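Please load the model in your viewer and keep a surface representation at hand. The tour below moves from an enclosed space to the open ones, with a selection to make at each stop.

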Amino acid sequence: MKILNLVFHPNLQGSRNNNTWKTQLEESGKITTSRDLYSEYPDFQIDVEKEQALLAEHDRIILQFPFYWYSMPPLLKKWLDDVLTYNFAYGPDGEKLKGKDMQVVVSVGGREKFYSGFDIFTTVPDLLRPFQLTANLTQMNYLQPEYMFNADAAEQVTIEEFGRQLVAKIDDPKRSNPRQYLYDSMSSDLETVYEDLGIA
């Protein structure tokens, strides 16, 4: 499996979490290509042909970024607009991404309680729905998103542990079938609960 990690952070070197995760993924040897898009396109002039060629060459695409006002950084929005073109990503002849995996990795600055989904709050998966719809339109597999709360204030050990968990699952081929993977994960968790209760 060829994995492409695209990191969209305006100040990646100043980001403890995103920079740490990018490094951990690269050092794992599991990532085929890893890129800092803000460094490559400081003027926002995206090389569409280059980006499309890289997408075509890889099987699993990671979009790694921090939440910006409950959404994505501006370069990522422009990248989606410019690169996922008609008859490349969608349309009658737009099947270049069909069957590939989309993995979203997000650092969330707010605390978990602010994303509970109750009352005036919402959830991270709700806020990421545009990515799921984009995956659906382009016939990609939308993998279960990976995100960490309280990213700005998190201790380094917490950031690194999240990165280790990410590395452990990032190349798992079973995740390409997200519904089955989620079902299997829930079944495994349930079996563990039963064992702990002594009723397995």
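## Enclosed and open spaces

The largest cavity in this predicted model has a volume of about 60 Å³, and a search of the whole structure finds one cavity of 30 Å³ or more. To see its walls, select Leu 55, Ile 61, Leu 63, Trp 79, Leu 80, Leu 84, Leu 97, Met 102 and Met 140, which line the largest cavity. Strand 3 (60-66) and helix 4 (74-83) are the elements that give two or more residues to this lining. Colour the selection by class, and the lining of the largest cavity shows nine nonpolar residues, with no polar and no charged ones.

Next, turn to the largest pocket, which holds about 410 Å³ of space. Select Gln 132, Tyr 142, Leu 143, Pro 178 and Arg 179, which are the closest to its centre of the 16 residues that line this pocket. Then show helix 6 (129-137), strand 5 (141-142) and helix 8 (178-197), the elements that give two or more residues to the lining of the largest pocket. By class, that lining comprises eight nonpolar, six polar and two charged residues.

The last stop is the second largest pocket, with a volume of about 350 Å³. Start from Phe 67, Val 108, Gly 109, Gly 110 and Asp 152, which lie nearest its centre among the 22 residues of the lining. Add helix 1 (residues 16-28), from which the largest share of this lining comes, namely three residues. Coloured by class, the lining of the second largest pocket divides into eleven nonpolar, nine polar and two charged residues.

Notes
Residues are numbered from 1 along each chain as its sequence is written. This is a predicted model: local features need pLDDT of at least 70, side-chain atom pairs count only at pLDDT 80 or more; totals for chains, interfaces and linings use all residues. Side-chain values use heavy atoms; hydrogens and water are left out. On a 1 Å grid over the protein atoms alone, a cavity is a set of points where a 1.4 Å probe fits but cannot get out, and a pocket is an open set with protein on both sides within 12 Å along at least five of seven lines; lining residues have an atom within 4 Å of a point. Grid points are joined across faces, edges and corners, and a volume is the space filled by probe spheres set on the points. Helices (H or I, at least four residues) and strands (E, at least two) are DSSP runs, numbered from the N terminus. Ala, Val, Leu, Ile, Met, Phe, Trp, Tyr, Cys and Pro count as nonpolar, Asp, Glu, Lys and Arg as charged, and the others, Gly among them, as polar.
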